[in-house]
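Let's go through this structure together and ask, for each label, what earns it. The questions are short, and each answer sets a value against its definition.

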Amino acid sequence: LKGHKDRISVISSLADAEKSADEVESRYIQFQITAKKLITALFIGRIEQIQLKFELSSTEAQTLMQTLRSQGKDVATLERWLLDAKNKKLLSEQKLLDARSQADSLSGNTSGQINESYNKIQLTVFEANQYMREAISYLN
């Protein structure tokens, strides 16, 4: 902050103000990229929490199915549902990997380019979230 404060006090002409504005503008693009990467990481973290809860629920479901099977009950349908749910979780994990990769390589020279790339990342994260919703719906 001290360095920024010193720069502001040096502005005594229009040329100084333009130079300072150019510096701020050049840093804004990097700030925008960093902010979007951070937001993406938060969304991914939230979906990963849902995946952990799913794992606990699917483990409980498997235990219940083993109990039912040992009692002579037919659990084939339940097994298929659980398999479908696990496949949805796998698709979600793949989408999260894609989103991470896209976020790591997020770049651009203009806000428009950055926003376009970020919108693709958001779509990928949304798809991962949707797959997890579908997986959880099988367990409910």
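Helices (H or I, at least four residues) and strands (E, at least two) are DSSP runs, numbered from the N terminus. The model is a predicted one: local features need pLDDT of at least 70, side-chain atom pairs count only at pLDDT 80 or more, and totals for chains, interfaces and linings use all residues. Residues are numbered from 1 along each chain as its sequence is written, and side-chain values use heavy atoms, with hydrogens and water left out.

Q: What makes up the secondary structure of the chain?
A: By those runs, the chain has four helices and zero strands. Along the sequence this reads α-α-α-α.

Q: Why is the chain called more spread out than a compact globule?
A: The radius of gyration is taken over C-alpha atoms, and the globule rule is 2.2 Å times the number of residues to the power 0.38. For 140 residues the rule gives 14 Å, while the chain comes to 24 Å, well over that value, so it is more spread out than a compact globule. The C-alpha atoms fill a box of roughly 85 × 30 × 20 Å along the principal axes.

Q: How do you know that the end-to-end distance of helix α2 agrees with its number of residues?
A: The expected span is 1.5 Å times one less than the number of residues in the helix. For the 57 residues of α2 (residues 14-70) that is 84 Å, and the end C-alpha atoms are 83 Å apart, so the two agree. After α2 comes Gly72, with a positive phi near 85°.

Q: What do the spans of α3 and α4 show?
A: The 29 residues of α3 should span 42 Å, and its end C-alpha atoms are 42 Å apart, which agrees. For α4, also 29 residues, the expected span is 42 Å and the ends are 42 Å apart, which agrees too.

Q: Why is Leu82 called buried?
A: Buried means under 20% relative accessible area, exposed over 50%, and partly exposed in between (1.4 Å probe, protein chains only). Leu82 has 7%, so it counts as buried. This residue lies in helix α3 (residues 76-104). Counting a contact as heavy atoms within 4.5 Å, Leu82 touches Ser58, Ala61, Gln62, Met65 and Leu139, leaving aside residues up to four places away in sequence.

Q: What makes Glu93 partly exposed?
A: Glu93, also found in helix α3, has a relative accessibility of 28%, so it counts as partly exposed. Its C-alpha atom is 9.2 Å from that of Ile47, although the two are 46 residues apart along the chain.

Q: Which helices do the buried residues of α3 pack against?
A: They pack against α2 and α4. Among these buried residues are Leu82, Ala85, Leu96 and Ala103.

Q: How do you know that Thr124 is buried?
A: Its relative accessible area is 8%, so Thr124 falls in the buried class. Thr124 sits in helix α4 (residues 111-139) and touches Lys95, Asp98, Ala99 and Gln102, not counting residues up to four places away in sequence. Other buried residues of α4 include Ile114, Tyr118, Ile121 and Met132. The cover over the buried residues of α4 includes α2 and α3.

Q: How many of the residues count as buried across the chain?
A: Of its 140 residues, 22% do.
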